[in-house]
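Q: I'm new to this one and would like a close look at a single part of it. Could you walk me through it?

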Amino acid sequence: MHPTSPHQHRSRLHVSGAGATPGQPQSTPDSFTLSPHQHQPHHSQQQQQHTIQISSSTHPYQGLKTSENDDMGCVELLATAISVLIMILTFPISVFICFKVVSEYERAVIFRMGRLRSGGARGPGVFFVLPCVDDYYPVDLRTVSFDVPPQEVLSKDSVTVTVDAVVYYRISDPLKAVIQVSNYSHSTRLLAATTLRNVLGTRNLSELLTERETISHTMQMSLDEATDPWGVKVERVEIKDVSLPTALQRAMAAEAEAAREARAKVIAAEGEMKSSRALKEASEIISASPSALQLRYLQTLSSISAEKNSTIIFPLPMELLTPFLNANAHGTSSSAHRHLHQHHQ
């Protein structure tokens with residue numbers, strides 16, 4: 001380093017980002033520049049800039065790095081040679097120990113001296129292992145289902161509901177299922193319960209009751225993405241039941257009953273209005289023909305007699321009573337006039 005004054009040993013920190021000005025040193029995002037503090041202009045040619053790059057790019061979790069392609073050490077080679085020698089000396093008894101069989105729906109992950117063997121998972125069928133140095137773990141590839149315990153969830157509109165679900169999953173990568181996670185079944189169950197609470201917490205009560213398919217699909221996608229590093233494929237998620245509090249059920253039932261009663265009253269009123277219009281039209285038609293009213297009387301008598309009633313009704317035309325009604329009305333008016341005349345006198 002060139003000799004400089006003591007003041008030039010003090011450095012200044014420049015953090016550059018997306019909003020850097022044209023006069024400042026340009027650097028990549030997530031980097032900063034260390035430059036000596038400028039106190040004397042005639043020493044500017046001796047100033048140095050030191051740039052430190054800090055990478056903050058976030059990569060998805062890739063899991064543990066396996067060593068199946070690395071070279072074997074001396075101890076591993078010696079142990080393998082001894083194991084082969086033991087197998088030869090104990091032949092043919094060692095055949096029953098060295099040959100293993102896995103079913104069509106299984107795969108075997110083999111470790112030699114604790115290290116993953118190259119070639120991937122074995123199976124289905126027969127595979128070979130060395131005694132004392134090889135260990136294998138069978139993995140079932142069939143679809144497994146489990147019930148998510150009932151979860152009490154507070155919905156977006158502050159309603160407490162109890163929801164349970166069922167999840168179907170299978171192993172898509174046996175190596176990841178054995179190496180990347182301690183117990184993939186238990187981990188998937190815990191993650192399913194947590195995901196169910198998180199997804200339902202962002203929904204309203206009406207959405208929980210009417211959009212089960214959408215919620216199930218959202219939960220399935222979230223679970224599948226989270227369990228992919230474990231070699232687990234979530235095939236399907238189904239919401240089984242949504243339990244509401246008893247008080248809320250009663251309130252919803254009362255609301256639905258009131259809505260039904262209101263609709264029934266509206267329908268009855270509309271029916272009364274339509275029937276009154278029909279009666280008005282019928283009365284206008286009957287009033288145009290006096291004989292039509294007499295025929296209506298006869299039809300009414302016919303319908304009454306068909307029911308075997310003891311009541312006998314004789315229809316009396318209103319035309320016969322008209323003179324009597326007029327005379328009664330005339331007499332009533334004349335008496336009223338006489339009474340009024342006497343009162344004035």
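Which residues of the largest nonpolar core touch the most other members?

A: Keep in mind that this is a predicted model. The largest nonpolar core has 33 residues, and the ones touching the most other members are Val148, Val161, Val167 and Leu196. Quite a few elements chip in: β5, β9 (144-154), β10 (160-171), α4 (184-200), α5 (205-210), α6 (212-227) and β11 (232-243) each bring at least two residues to this core. The top supplier is β10, which gives six residues.

Let's zoom in on Val161. Setting aside neighbours within four places in sequence, Val161 is in contact with Gln151, Glu152, Val153, Leu205, Leu208, Val242, Ser243 and Leu244.

Now for α6, another of the elements that supply this core. This helix has 16 residues and runs 22 Å from its first C-alpha to its last, close to the 22 Å expected at 1.5 Å a residue. Its buried residues are Ile215, Ser216, Met219, Gln220, Leu223, Asp224 and Thr227. Looking down the axis of α6, you'd find those buried residues within an arc of 160°, so they line one face of the helix. Over on the other side of α6, His217 and Glu225 are exposed. And what sits over the buried residues of α6? The cover includes β10, α4, α5 and β11.

One last stop is β5, which spans residues 106-112 and contains Arg112. Arg112 counts as buried because its relative accessibility is 17%, under the 20% cut-off. Its side chain makes a polar contact with the side chain of Asp134, at 2.8 Å.

Note on methods: Residues numbered from 1 in each chain as written. Predicted model: local features only at pLDDT ≥ 70, side-chain atom pairs only at ≥ 80, totals over all residues. Heavy atoms only, no water. Helix = DSSP H or I, 4+ residues; strand = E, 2+ residues; numbered from the N terminus. Buried < 20%, exposed > 50% of the residue type's maximum accessible area, 1.4 Å probe, protein only. Polar contact = N/O pair within 3.5 Å; in protein donor to acceptor, adjacent residues only side chain to side chain. Core = buried A, V, L, I, M, F, W, Y, C linked by side-chain atoms within 4.5 Å. Contact = heavy atoms within 4.5 Å. Expected span 1.5 Å × (residues − 1). Arc of directions from axis to C-beta.
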